[in-house]
Amino acid sequence: MRLGLLLIAVAIFTFVLLSLSPIDPVQAYIGADMMQISADQQALIAERWGLDQPFWNRFLDWLGQILQGNLGVSLVFNRPVSEVIAARFQASLQMLAIAWLLSGLLGLALGTLAGAVAGSWIDRVIRLYAYTLAAAPTFWVALLLLIVFAVSWRIAPVCCAAPPGVLSQNVTVWQHLHHLLLPAMTLSIIGIANITLHTRQKLIEVLHSDYVLFALAQGENLWNIVRYHGLRNILLPAITLQFASLSELFGGSVLVEQVFAYPGLGEATVQGALRSDVPLLVGIVFFSALFVYIGNTLADLAYPIIDPRIRLGGQMNR
Amino acid sequence: MLSLSNLSVTFTQYDRGLRRKQLRVITDLNLDVQAGEVVAVVGASGSGKSLLAHALLGILPQNAVMSGTMTFQGEPLTPHRCRLLRGKAIVLIPQSVGYLDPLMTVGPQVQRVAQLTGRTKAAAKTAVKKTFTRYGLPAKTFDLYPFQLSGGMARRVLVSTAVVTPAQLVIADEPTPGLHPDVVSETLTHLRELADAGRGVILITHDIAAALKIADRVAVFYAGTTVEIAAGRDFFTGKLRHPYTQALWRSLPQNEFLPVPGNQPNLEQLPQGCLFKDRCPWVDDLCREERPALRELNDGWVRCFHAEG
Amino acid sequence: MTSTIDPAVNLEAKTSSSLQQNPSRTSRRSRTLAAIVLGTLFLGAIIFSPWILGESGLSTVLTQRNQPPTWSHPFGTDWLGRDMLMRSLHGLSLSLRIGLLAASISAFIGTSLGLAAGTFGGWVDAVIIWIVDVFFSLPHLVLLILIAFSVGGGTRGVIIAVALTHWTNLARIIRAEVLQVNSADYIHLSRQFGKSSLWIARHHMMPHIVPQLIVGLILLFPHAILHEAALSFIGIGLSPHLPAVGIILAESMRHLSTGYWWLGVMPGLLLLLSVKAFDWVGENLRILLAPKTSQE
């Protein structure tokens, strides 16, 4: 199965990287208490973890653990990694879902508009917006929005997923949404840029095709052409693009959650990296690979549904 | 019905380093078409014939500049008028199914063509189905995608796009290449029928033999300009006027099969004088300097100083 | 996250009564060249600003702490009274230099792998493509964090991480060019004539590859710089003692609630302008060197 092969590749890659790294797993685990442990104790710990074993043994051991679903214990959170990922992903998912839908729909709309009136001032404005946003650092845009909406205008909270000091079971739906609003909007705004530009490009290509030329020859006006032929023919690239954007969104969420101190998977990634939480980091790497893979597979599944040539191909008629 | 006079089309293109070059694809084209006749526009591949069709419909790309006069049914054919008439009074039969939307079934596409001429959706659908039946296409053709059509079926669907309209001028762009001879004959017959029904048909092709089967008159195209306008039968009675036409006739497999020596001139830099001078057996100093105008000769037209009756 | 979009061409023709070329005052060619020169000068100015402007404005001046942007301090001052414009220029210069270094290494890797994949084909090609697929299976930032973390973070970590992850697109493009050129008829003819592979590489391949390489390299810089800034912002990148842009922005977050917005907005704005400058130069170079669909 392709997924299996891919994940094994990622596993090998990750393991090799971490083995080569100057990170000492024992030190990473012990942390600040390193000073208080004797060399003998360090050796004992190393032996217990099998760190003195040759490379392949360690790798296969580790791989075996992973395949059984045992991703280890997070050093930062002191809970099993799988639990941490599950909890954190729930928080991120809401933000990602909103951003994914919004950036997809708005991106499609703006891109189609820009492509249809390519060269006009509307197109120029849309392009300016998209190019500028695409060139802007994600965390800076987040910062900007935070400053405007939270600090200056005070219509959104400055941080976190809930008001500070409130117990999680007491957080209301409104408070929850209120805290989700700005991070989700930020991620959406950033995601729109790329989708707009690519959709625009695709529509322009379609508008230069032979069949559009023929439609024009039939007396069809621009908007009908876009309606009947444009949208249909950019649907496939649009869907591919949409699912591919999941990867970028995940990366974007790392930065956005950092700026808004939103306790999602992205923020956990940063924590893991800064505090050398190897099990957590590895778990998140695997998870993100799975996430991207699912996205791509869903896109592949859409192809036969939309393109009759793939669905029916090979059925010729006399 | 249609009259073209001194039509010229030039394209601006950018090369590497942003050097600008101008390609003059159509030069001083003259042509006229009456109702009920088939006029073939014949010339080598790539000599700008398709662009003529696009010019008549007003769908040339934006980097094209057009000059000269076009008159349709007594009124000038301005860009505005082109937009009003295309699909209704002037229609195109395209070269291949590549000109149909690949993700849409063919029935609704032809139906749309009919709707654009003013019919209601229901009336359009009936018209399409009637036409398909008339051309012997099975009923399920309506719901097939373009890629599912065989060569013959595709041709008939493409011709239907013209038939469902009341258009008086039909432009058939290269309808024959790559097709089985039976399909070719059938296509040509359909086009002849259109003309016999009172429409004017322009047949753009590089296949003279095919054109001569149904054409009333033939306009010979070279390097973007008309070099001769002859009656169809002139080819068989040996009454050809221009040296290029004669060479073209001789080059046919069923005749002497002699290729025409030389190459078409570079469209970026059209030579002074006659455009055919580098390949012409009759060339002299006069035609090297001056470009001949189209003149009447023996009930036809020719662009040559030396052509005799 | 930059894109490459061609200029638009509309659908209908224009007619003129006479066949005149439009004598434009500033031809497209000279406008493109001007854009490239201007963009390069702007970027050069930023990169060399530390040496040109020196250290003035970077010292602590407690009497002018936390001032909003004014004429004397266009970017305001920070909590130590340091001029934010100077800090931004120094930081950006550093970030640009690091980004350029990492991107160049990446371009080298990308070109080599692309050439290898296209030229040798077979299993070499398969392996390289497979590696590219693995790289694409992870979100870019996650991959960066993983690599930077593994090599111990810091400046070295950032350079290695960025260098090792930005080569994929360029490799793909170069590989496609090589395959396309190799399959062309004139290459077969050249071989028939007995020209050596090296000769073919130089005379037939290079003219196609070099433009793509140059444009690809220039357009790679902004990605590299943005990612370096992101890593530094998170804290996995450059050391906090260095004045890189990401660091400056991370610091500005501590002062957000106090309303000192210029600490984050202005340096980021300068970074944005630099990225746009790179895009501008890159796109114009592309128009100049390979205007395939640029018809006007």
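Buried here means under 20% relative accessible area, exposed means over 50%, and partly exposed is whatever falls in between. With that settled, here are legends for some close-ups of this predicted model.

**Figure 1. Tyr260(C) and Trp262(C) make a tilted aromatic pair.**
Start with Trp262(C), whose relative accessibility comes to 5%, so it counts as buried. Its partner Tyr260(C) sits at 25% and is therefore partly exposed. The two ring centres are 5.4 Å apart, and the planes make an angle of 40 degrees.

**Figure 2. Another tilted pair in chain C brings together Phe48(C) and Trp51(C).**
It is one of the 15 aromatic pairs that the structure holds over all chains. Here the rings are 6.2 Å apart centre to centre, with 55 degrees between their planes. Both residues belong to helix H1 of chain C, which covers residues 28-53. They are three residues apart, or about one turn of the helix. What about cover: is Trp51(C) buried or exposed? Trp51(C) has a relative accessible area of 57%, which puts it over the 50% cut-off, so it is exposed. Phe48(C), at 48%, is partly exposed.

**Figure 3. Four phenylalanines of chain A come together in one aromatic cluster.**
The members to look for are Phe89(A), Phe250(A), Phe287(A) and Phe291(A). One of them, Phe250(A), falls within the residue range of helix H10 (222-260) of chain A, a helix that turns up again in the next view.

**Figure 4. Helix H9 of chain A is largely enclosed by the rest of the structure.**
This helix runs over residues 210-217, and seven of its eight residues are buried, which is why it can be called largely enclosed. The buried ones are Tyr211(A), Val212(A), Leu213(A), Phe214(A), Ala215(A), Leu216(A) and Ala217(A). Which elements do the covering? From chain A itself, the cover includes helix H8 (173-207) and helix H10 (222-260). Chain B pitches in too, with helix H1 (49-57), strand E6 (90-93) and helix H5 (151-163) among the covering elements. Just after the helix, have a look at Gly219(A), which takes a positive phi of about 95 degrees.

**Figure 5. Chain B, a partner in covering H9(A), is built from nine helices and 12 strands.**
Its radius of gyration is 20 Å, close to the 19 Å that the globule rule gives for 309 residues, so chain B is as compact as a globular protein of that length. Along the principal axes, its C-alpha trace spans about 65 × 45 × 40 Å. Of its residues, 59% count as buried. If you take contacts between residues at least 6 apart in sequence, 63% join residues at least 24 apart. The chain exposes about 12400 Å², with carbon and sulfur atoms supplying 51% of that area. As for charge, chain B has 34 positive and 27 negative ones, and their mean positions lie 10 Å apart.

**Figure 6. Chain C, home of the pairs in the opening views, has 10 helices and one strand.**
Where does the strand come along the sequence? The pattern reads β-α-α-α-α-α-α-α-α-α-α, which puts the strand ahead of the helices. Of the 296 residues in chain C, 51% count as buried. Among contacts between residues at least 6 apart in sequence, 72% join residues at least 24 apart. Chain C exposes about 13700 Å², and carbon and sulfur atoms account for 65% of it.

How values were computed. Residues are numbered from 1 along each chain as its sequence is written. Chains are lettered from A and ligands numbered from 1 in the order in which they are written. This is a predicted model: local features need pLDDT of at least 70, side-chain atom pairs count only at pLDDT 80 or more; totals for chains, interfaces and linings use all residues. Side-chain values use heavy atoms; hydrogens and water are left out. Helices (H or I, at least four residues) and strands (E, at least two) are DSSP runs, numbered from the N terminus. The radius of gyration is taken over C-alpha atoms; the globule rule is 2.2 Å times the number of residues to the power 0.38. Buried means under 20% relative accessible area, exposed over 50%, partly exposed in between (1.4 Å probe, protein chains only). Contact means heavy atoms within 4.5 Å. Accessible areas come from the Shrake-Rupley method with a 1.4 Å probe; for residues, only the protein chains shown count as cover. Lys and Arg count as positive and Asp and Glu as negative; His and the chain ends are not counted. The place of a charge is taken as NZ of Lys, CZ of Arg, CG of Asp or CD of Glu. Rings of Phe, Tyr and Trp (its six-membered ring) pair if their centres lie within 6.5 Å; planes under 30 degrees apart count as stacked, over 60 as edge-to-face and the rest as tilted.
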